[in-house]
Amino acid sequence: MTIIHTDRLHREFTVGTRLRRRRVTAVADVTLTVEPGDAVGFLGPNGAGKSTTIKMLTGVLVPTSGWARVCGLDPVRQRRELARRIGVVFGQRSQLWWDLPLVESFDLHGAIHRVPSARFRERLDECVQLLDMAPFLATPVRQLSLGQRMRGEVTAALLHSPRLLVLDEPTIGLDLASKERLRGFLSTVNARGDVTLLLTTHDLPDVERLCRRVIVIDRGRVLVDDELSTLRARFAGNRALVVELTEPIPPLLGLPGVVDVSVQAQGLRQRLEFTQAVNAAELIAAVAARAPLRDVAIAEPSIEDLVRALYATEDSPAR
Amino acid sequence: MLAPYPQLVRAGYRRHASYWQASLGGVTANVVFGLLRGAILIAVLAQRGSVAGYDTAVAVTYVWLGQGLIGVVLLWGDTELSQRIRTGDVVIDLSRPWNLQAAMLATDLGRAGHAIGARLLPPMAFGALFFPLRWPEHPITWILIAAAVPLAVTVSFSIRFLLNASAFWLLDARGALAVWGATSGVLGGLVLPLSWYPSWARAVLAWTPFPALFQFPIDVFTERGDAFTLITKQLVWAALLLAAGQVVLARGTRRLVVQGG
Amino acid sequence: MAELPPVESSPRHRSVYPRILASRLRSQLAYPGSFALDVVAQIIGQAIELLGILVVFTQVRSLGGFSSTEVVLMYGLAATAFGLAILCVEQIEKLPEYVRTGQFDVMLLRPLSTLAQLLTADLALKRLGRVGTGLAVLGWSLTTLQLDWTPVRALVAATAPLVGAVILAALFVAANTVSFWLIDGQEAANSVTYGSNFATSYPITVYGPWLRRLMCFVLPGAFVAYFPALALLGRPDPLGLPDALRYSPPLVAALTVALTTLIWRAGVRHYQGTGS
């Protein structure tokens, strides 16, 4: 069964004061399908319509027009039924009980979703072990670090064995180690094939690590819906080496794998965009051989770069 | 460069100007309560004609002015200082080059200024439209009431400040604020005119700041008693309570510095 | 459609709400000193309303055709009912906060009724202070009045506070549903909730015709204390309303709950229609 199926899903909002009202389109005719076991990254800049789409898919918000089925259900009309089959994690709002020990929040989630005791124990034990939560199970949620809390949030969302796990900015604000631990866990869970992942993020490494498929949305429209590997080959993934020089020199053209060179500060700073195929260390060595370096920095590609690249490409598939 | 306080008054005003829904809702609630309370007083006066100098006109004026003053004088819901003490944010406030109490008073007066337009005048207008209010006979009363209301706000503020500052020691001022919220209305003459109370109760209340909150400004407006005496009493209470607040703030600050919150 | 995971019944399932509540109560009692003071404030707050009635009766011998003890009976019924109501549903006042912080979305994402979740998210235990005061006053007036007890009157005395609590609780929820439409609508809701509490504490005969229609019948405050009191006192209605009304509160309570459910559903639909 298809997990998510939408047809021209559309949402408008009325904004502004009473005097000057106007309609704004947040999500414009989004049509997509997600199959079981898939891991989909849902990307786009701030205000692109990601959260609005997720709200419509989870039954929190009614579409202005269009149609959606999630796990075969109408999200708004069968909200409670749907809630039994999906798990949702919001990076910035908590589903845990603030002043209770973490483990009691888990108990309550088990009770809310009527998870049979045996299965609940098994599921919880597995999460506790994989996410290394034993040391803080008895700690009240308000005393947890953000990383610990997020591990709790993800566990709570998985206790009832949902078919779909929706994660809205799950790694926002986490330190690198916490991010990595969470990504590892999610990919393990997804790899077993019984949970479909839909995740929004600003963090491209999240996508690299977790998603096989990427949907890029901007201004409410789907710009790209493709396999990550295809996408990586076509667009972004380009990193940039920013070199600071001790004296101005002409543009550093002709280095292998460098696709674009831009010169700033009268030639004292140059930005070399290079493909994934290039080893950054070798590139730095090559630059150092040609110019006196004062400092180097490597810029990872951002979602915004990706979107810009998509717009810049003539043949970009508008949906 | 001006002292920050006039700007704080303006900021207090503007901050509340954006909550028009709340003002509208507050006025609705105050009008409903005015109607209910007025009905009780009118029912009493229908039997007696006049009680302790209150005829129907004075009684409804008392009710509607009182309903308007609730939002200006403010008895409930001021927990900002105690919460900032509890969270430790008060350290930021104390490190600024101002007198914290004066700054908060300025903000509160600005809030009250907004409330005069948004919360006092509408119930008064409603009362004037449907009831025979007793308007001041002497023009000077308008000037006196213009002094009595800000003084009532100042007395209310300085008590709220003291109660909130108790959080320096108790950490949780909720209980103290709840008791104040429950008692100040009845002790200040908002619920029923204090002159209707038994004489012993009046004698006790005369030694407290509570009548300065509602009964005094309403008495000034309805021209009962000597307005100058009433305003002088308000002034004395405001000065005493503000001074007490300064002492408590200094002690609380020292405690914070010594114990590190 | 794929098969659902089998839903088995085990003891833990049926007890979601009590478990959430128990956890909240524990946290309320975590600071016993502050909690005790809160309860005391509730007792004082409730007692002061009684004080107002007593002050009025220092000036007159009857109010709206009722003696002081009779008015105190109405007050006792109203206070107990309001105390119970607010004890159970005060949490609804947090609705604007839930909407603003997005916490209401989290509730929509659980397979439970949103209203049930919101109401059971906490219990205003301190309001027991009000219930206690109300019960004490009610007990005092019932014994002082030397009523002519019949089984029906005993039944009315036992059920009136509960039925009144249901009516006031439903009103409380219905009024606060306004927060779905007006995020700062809390104070407007107060005119219905606390206004009803005040209105029901006095005989409805003191109000003018319009105020009575609005605060006693449109908002069914008259059925909280006034009509049950008439039933207990066994005296004719000074307003000449039919005697059957004094036994109608349970019906009115059922109606009020039904209407409130509809209003709540409309509120949630509106929320889902606009987003936060």
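**Exercise 1.** Identify the residue of chain A with which Asp105(C) forms a salt bridge in this predicted model, and place the pair within the interface of chain A and chain C.

*Solution.* Step 1: the criterion requires a side-chain nitrogen of Lys or Arg within 4 Å of a carboxyl oxygen of Asp or Glu. Step 2: the partner of Asp105(C) is Arg93(A), with the closest N and O atoms 2.7 Å apart. Step 3: across this interface the rule finds two salt bridges, together with nine residue pairs in polar contact. Step 4: on the side of chain A that touches chain C, the elements giving two or more residues include strand S1 (4-15) and helix H4 (117-130). Helix H3(A) gives the most, with seven residues. Step 5: by class, this side of chain A has 18 nonpolar, nine polar and 14 charged residues.

**Exercise 2.** Determine how many residues each chain brings to the contact of chain A and chain C, and what area is buried.

*Solution.* Step 1: chain A provides 41 residues and chain C 36 residues. Step 2: the two chains bury about 3400 Å² between them, of which 56% lies on carbon and sulfur atoms. Step 3: Val60(A), Arg79(A) and Ile112(A) supply 17% of the area that chain A buries against chain C, more than any other three residues.

**Exercise 3.** Assess whether the radius of gyration of chain B agrees with or departs from that of a compact globule.

*Solution.* Step 1: chain B comprises twelve helices and zero strands. Step 2: because a compact globule of 261 residues would have a radius of gyration near 18 Å, the 19 Å of chain B agrees. Step 3: buried residues constitute 54% of the chain B total of 261.

Key: Residues are numbered from 1 along each chain as its sequence is written. Chains are lettered from A and ligands numbered from 1 in the order in which they are written. This is a predicted model: local features need pLDDT of at least 70, side-chain atom pairs count only at pLDDT 80 or more; totals for chains, interfaces and linings use all residues. Side-chain values use heavy atoms; hydrogens and water are left out. Contact means heavy atoms within 4.5 Å. Buried area is the accessible area (1.4 Å probe) that two parts lose on being put together, summed over both. A polar contact is a pair of N or O atoms within 3.5 Å; within protein, one must be able to donate a hydrogen and the other to accept it, and residues adjacent in sequence count only if both atoms are side-chain atoms. Helices (H or I, at least four residues) and strands (E, at least two) are DSSP runs, numbered from the N terminus. Ala, Val, Leu, Ile, Met, Phe, Trp, Tyr, Cys and Pro count as nonpolar, Asp, Glu, Lys and Arg as charged, and the others, Gly among them, as polar. The radius of gyration is taken over C-alpha atoms; the globule rule is 2.2 Å times the number of residues to the power 0.38. Buried means under 20% relative accessible area, exposed over 50%, partly exposed in between (1.4 Å probe, protein chains only).
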